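Me: I've got a model open and want to go through the packing and the charged pairs with you. Can we take it step by step?

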Amino acid sequence: MRLCGSAVSLKYIVMPSKKKTSRGRARKGRNNRKKKNEGGEQQGPLDTQMERLNIGDDSESEALDEAIKLAAAEKEEALESRAAEEEKSFTMKTSQVSTMQCYHGFVPGEDHFIIDNFGKTFLSRVNSPITGNVGECINLAYQATRKIYPEVGNDYCKMKLVLSLYLFQGTQAVIEGYFDDARFFAAVAFYLEDYITFYFEDGANDVFDAARQIELLSADQHTLVKYLRKKIPCCCLDEKYKQVKSITKLGICCNEKCSIPDRLVERRSMFYCTRCRAVNYCSRECQKAAWPTHKSYCDKHSKARTGLDSRK
């Protein structure tokens, strides 16, 4: 009984497992077919999307090209707008040149922005508090500005533009009645003219006429207008010169301890140093009193002038 029971039990155990295996295989087959069907349904939309993407390649490429062209156009428009704003700002800073009929010899070019920056930096440094006389202040201001803008300070053509810019500003200041500003621009222009001559055209001469610079800073209207009128190619100051021609021309005594107020003297009564021909005095007494301080400058300036005269 036990063996028979055990045999039945064994048979009972083995046979049902075979049925479960076949049923499991069938179930697995049905599941696989179902997954294949589901996968087929998912594959269909994916293929459709890929087809749509392939179809849309040309249209998207065209859209991209159009977007690039549009961006380039917008960038160009923005650059033009910026250039227009900078041009407007520049013209406003040069005494509203957009409303003027004449530039008095100043011809702004493509690099006028850096010329304008050089000019503004130079003037700001001239106006800064520096110990020493006016000539030394202007010279130190120029040397400092030249280090900041060597592409201007070392370029002959650009420096001529800077000079014409100051002559333009001085001339326009006279026309508008701002004579103090005109005197300042004239003195700076005179320095630059001296510098350009000696640095670019005559390297052997490094002496600057500081006395003339000081004189222009306090010049009467006759002297001021006459100087600027000679330096500009136009006739914009002709009428103004007729108006101020009757004003007595004054000079400044180069003796710093001169007792005359502001050291201003009628020019035709002044004495000048016959050796260097660069400084004037109100009297022989002032000339003698100033000799100890003038001697070194006189020696250097007279040698430079002698060399310049020999080359002529």
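Me: Let's start with exposure: is Lys-295 buried, exposed or partly exposed?
Reply: Keep in mind that this is a predicted model. Buried would need under 20% relative accessible area and exposed over 50%. Lys-295 has a relative accessible area of 39%, so the label is partly exposed.

Me: Which residue does the side chain of Lys-295 meet in a salt bridge?
Reply: Look along helix 11, where the two partners are 4 residues apart, so about one helical turn separates them. The N to O distance is 3.3 Å. The partner of Lys-295 is Asp-299.

Me: Asp-299 also forms a salt bridge with Arg-275; how many residues apart in sequence are the parts that this pair ties together?
Reply: The closest N and O atoms of Asp-299 and Arg-275 are 2.5 Å apart. Asp-299 sits in helix 11 (residues 284-311), while Arg-275 is in the loop between strand 3 (271-272) and strand 4 (280-281). Arg-275 is partly exposed, at 42% relative accessibility. So the pair links parts of the chain whose separation in sequence is 24 residues.

Me: Over in helix 3, Lys-120 and Asp-116 meet in a salt bridge. Which of the two is buried?
Reply: The pair is 4 residues apart, so that's about one helical turn, and the N to O distance is 3.9 Å. Lys-120 has a relative accessible area of 37%, so it is partly exposed. The cut-off for buried is under 20%. At 9%, the buried one is Asp-116.

Me: How many salt bridges does a search of the whole structure find?
Reply: Side chains of opposite charge can pair when their charged atoms come close. Besides the pairs above, there's a network of salt bridges linking Arg-212, Glu-215 and Arg-267. The total for the whole structure is 10.

Me: Now the inside: which helix gives the most residues to the largest nonpolar core?
Reply: That core has 45 residues, and Phe-122, Tyr-166 and Leu-192 have the most contacts inside it. Helix 3 (112-127), helix 4 (134-148), helix 6 (156-176), helix 7 (179-201), helix 9 (221-231) and helix 10 (238-244) each supply at least two of its residues. With 13 residues, the top contributor is helix 7.

Me: What does Leu-192 touch, and how many residues are in the other core?
Reply: Not counting residues up to four places away in sequence, Leu-192 is in contact with Phe-122, Tyr-142, Met-159, Val-162, Leu-163 and Tyr-166. The other core lies apart from the big one and includes Cys-253, Cys-258, Val-279 and Cys-286. Its residue count is 14.

Me: At what angle do helix 3 and helix 6 pack?
Reply: Ile-115, Phe-118, Gly-119, Phe-122 and Leu-123 of helix 3 meet Lys-158, Met-159, Leu-161, Val-162, Leu-165 and Tyr-166 of helix 6. By type, those contact residues are 9 nonpolar, 1 polar and 1 charged. The crossing is right-handed. The axes are 10 Å apart, and the angle is about 65°.

Me: Last one, on odd backbone angles: Asp-262 and Arg-263 are in the loop between strand 1 and strand 2. Which of them counts as buried?
Reply: Asp-262 has a positive phi of about 60° without being a glycine, and phi of Arg-263 is near 60° too. Asp-262 is exposed, with a relative accessible area of 64%. At 18% relative accessibility, the buried one is Arg-263.

Notes. Residues numbered from 1 in each chain as written. Predicted model: local features only at pLDDT ≥ 70, side-chain atom pairs only at ≥ 80, totals over all residues. Heavy atoms only, no water. Buried < 20%, exposed > 50% of the residue type's maximum accessible area, 1.4 Å probe, protein only. Core = buried A, V, L, I, M, F, W, Y, C linked by side-chain atoms within 4.5 Å. Contact = heavy atoms within 4.5 Å. Axes fitted to C-alpha atoms, helices over the stretch in contact; angles between N-to-C directions. Left-handed = near helix turned anticlockwise from the far one by under 90°. Nonpolar A, V, L, I, M, F, W, Y, C, P; charged D, E, K, R; others polar. Salt bridge = Lys/Arg side-chain N within 4 Å of Asp/Glu carboxyl O.
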